[in-house]
Amino acid sequence: MSFAELWDSLLDIGRDPATGGYRRYSFTAADAACRAWFMKTAAERNLRTHSDRNANLWAWWDGPGAAGPAIITGSHLDSVPDGGAFDGPLGVVSAFAAVDLLRERGFTPARPVAVAAFCEEEGGRFGMACLGSRLLTGAVTPETARELRDGAGVTFAEAMAGAGLDPAGLGADEELLARIGAFVELHIEQGSALDGLGAAVGVAESIWPHGRWRLDFAGRADHAGTTRLDDRRDPMLPYAAAVLEARQAAATAGALATFGKVVAEPGAANAISSAVHAWLDARAPGQEVLDHVVGLIEAAARRAAQSQGVEVGVRRESFTPRVEFDQALRDRVSRALAGRGIAAPVLPTGAGHDAGFLAARLPTAMLFVRNPTGVSHSPAEHATRTDCEAGVVALAAVLEELTSP
Ligand SMILES: [Zn+2]
């Protein structure tokens, strides 16, 4: 099957007709349809499938003659709210398409190959990014994961059980990890560096350290029309100070800091808020810079809160240290591509990926596919068909290199 047919077979699942964006949240109907798509796509290829203890999906190509540690490729199928079509699914679809391409050429891998789709990569429902790969590798405890709640108060464990999966088995899966030799994730670039370099495909060098912080500002609800300015305890003001400081501090330090989610209570247009809850996403090339930027934002929030009689609490919800991808594997990937005449520059990235968590336990590499505008986590996210096909060719080349006798 061509990349285009495979791509189109997934395209409509979980797309909101009004926004054109995707809402593929874990353990929802859209997610169930994505999981069914994965199982069907694998079955059509005679790949052996299973859902592991952490709700990650696997499709194994491990016929006779394949022995030793497996080479895994894949990504995720879940999305951020109103996300684009490519972030995640491109890696899964390309993985199946690369298997097709290798088989068309009559290639037989000497090592098992598996396509994986990791659960809750975006943290779109339960707030912790890369949850499936964190659980698999032991980067988060099953107790913590089970108790994560979505916006409606449903726990991860309840939602998982609701989808017919057993949350009792959550946690590090050493048996599965021991079968894996390396992981290669193909992903749309979440920036436009490749476009600037005129290359369709790139190789990842590192992932910036990054994290999510929750800021809770508690003030006092009051009437917007009758409460004198001096008498107010308005939590929106220190929140605003934090937003402005995030931009300033990040710009000065060469980092990125974003408030992308905010909830005001009670949320009335004619009332002073009683509370404001806000989420900060911050990323930087190095740990020290990141600590510095987050420290400045927190200090600005506290200063402004104090001056307004508002209480503020700051809590780190998730964090990923800087990831340096395995040098030897990266060199092998680059050589395999160069050997087939594919020019693939090496790039750092500010975006987190399952590959970042697997890198703590396994040699891991990433391929990026050009995103002409650099826009991601939005329906405008795009890669051309030609570039997607170049990505499949590159991924097939890498798989061939890593599984040749
Ligand atoms: Zn992704």
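Colleague: Which residues coordinate the zinc ion, and at what distances?

Modeller: Keep in mind that this is a predicted model. Along the chain, the donors of the zinc ion follow the spacing H-x10-D-x99-H. Put names on that pattern and you get His76 through NE2, Asp87 through OD and His187 through NE2, at 2.0 to 2.2 Å.

Colleague: Where in the chain do His76 and Asp87 sit?

Modeller: The two are eleven residues apart, and the pair links distant parts of the chain. His76 belongs to strand β3 (residues 70-76), while Asp87 is in the loop between β3 and α3.

Colleague: Is Asp87 buried or exposed?

Modeller: The cut-off for buried is under 20% relative accessible area. His76 passes with 0%. Asp87 has 6%, so Asp87 is buried.

Colleague: What does Leu367 touch, leaving out residues up to four places away in sequence?

Modeller: Leu367 is one of the residues that touch the most other members of the largest nonpolar core, along with Trp37, Phe38, Leu90, Phe96 and Leu337. Its contacts include His187, which is also a zinc donor. The full set is Val184, Glu185, Leu186, His187, Gly202, Val203, Val333, Leu337, Ala394, Leu395 and Val398.

Colleague: Which helix gives the largest share of this core?

Modeller: That core has 57 residues. Ten of them come from a single helix, the largest share, and that helix is α3 (residues 89-104).

Colleague: How many residues are in the second, separate core?

Modeller: Tyr239, Ala246, Ala249 and Ala255 are among its members. This core is separate from the largest one, and its count is 25 residues.

Colleague: Which parts of the chain does the pair Arg125 and Asp150 tie together?

Modeller: Their side chains meet in a salt bridge, 2.8 Å from N to O. Both ends are buried, Arg125 at 18% and Asp150 at 13%. The partners are 25 residues apart in sequence, so the bridge ties the loop between β4 (113-118) and α4 (131-137) to the loop between α5 (142-147) and α6 (156-162).

Colleague: What separates Glu298 and Arg302 in helix α10?

Modeller: These two also form a salt bridge, at 2.9 Å from N to O. Glu298 is partly exposed at 26%, and Arg302 is partly exposed at 35%. Because they are four residues apart in α10 (residues 287-308), the separation is about one helical turn.

Colleague: Which residues do salt bridges with shared partners join into one network?

Modeller: Start from Arg45 and Glu44, whose closest N and O atoms are 3.8 Å apart. Arg45 is buried at 7%, whereas Glu44 is partly exposed at 44%. Following the shared partners gives Lys40, Glu44, Arg45 and Asp100.

Colleague: Which residues of β2 are buried on each face?

Modeller: Strand β2 (residues 57-61) has five of its five residues buried. Both faces are covered: one side has Leu57, Ala59 and Trp61, and the other has Trp58 and Trp60.

Colleague: In β4, what is the bridge partner of Trp61?

Modeller: β2 pairs antiparallel with β1 (residues 48-51) over four bridges, and there Thr49 is matched with Ala59. β2 and β4 also run antiparallel, joined by five bridges. In that pairing, the partner of Trp61 is Val113.

Colleague: Which residue takes a positive phi in the hairpin of β1 and β2?

Modeller: The hairpin has five residues between the strands. The one with a positive phi, near 70°, is Ala55.

Terms used: Residues numbered from 1 in each chain as written. Predicted model: local features only at pLDDT ≥ 70, side-chain atom pairs only at ≥ 80, totals over all residues. Heavy atoms only, no water. Core = buried A, V, L, I, M, F, W, Y, C linked by side-chain atoms within 4.5 Å. Buried < 20%, exposed > 50% of the residue type's maximum accessible area, 1.4 Å probe, protein only. Contact = heavy atoms within 4.5 Å. Donors = N, O, S within 2.8 Å, 3.2 Å for Na, K, Ca; no water. Salt bridge = Lys/Arg side-chain N within 4 Å of Asp/Glu carboxyl O. Pairing = 2+ DSSP bridges.
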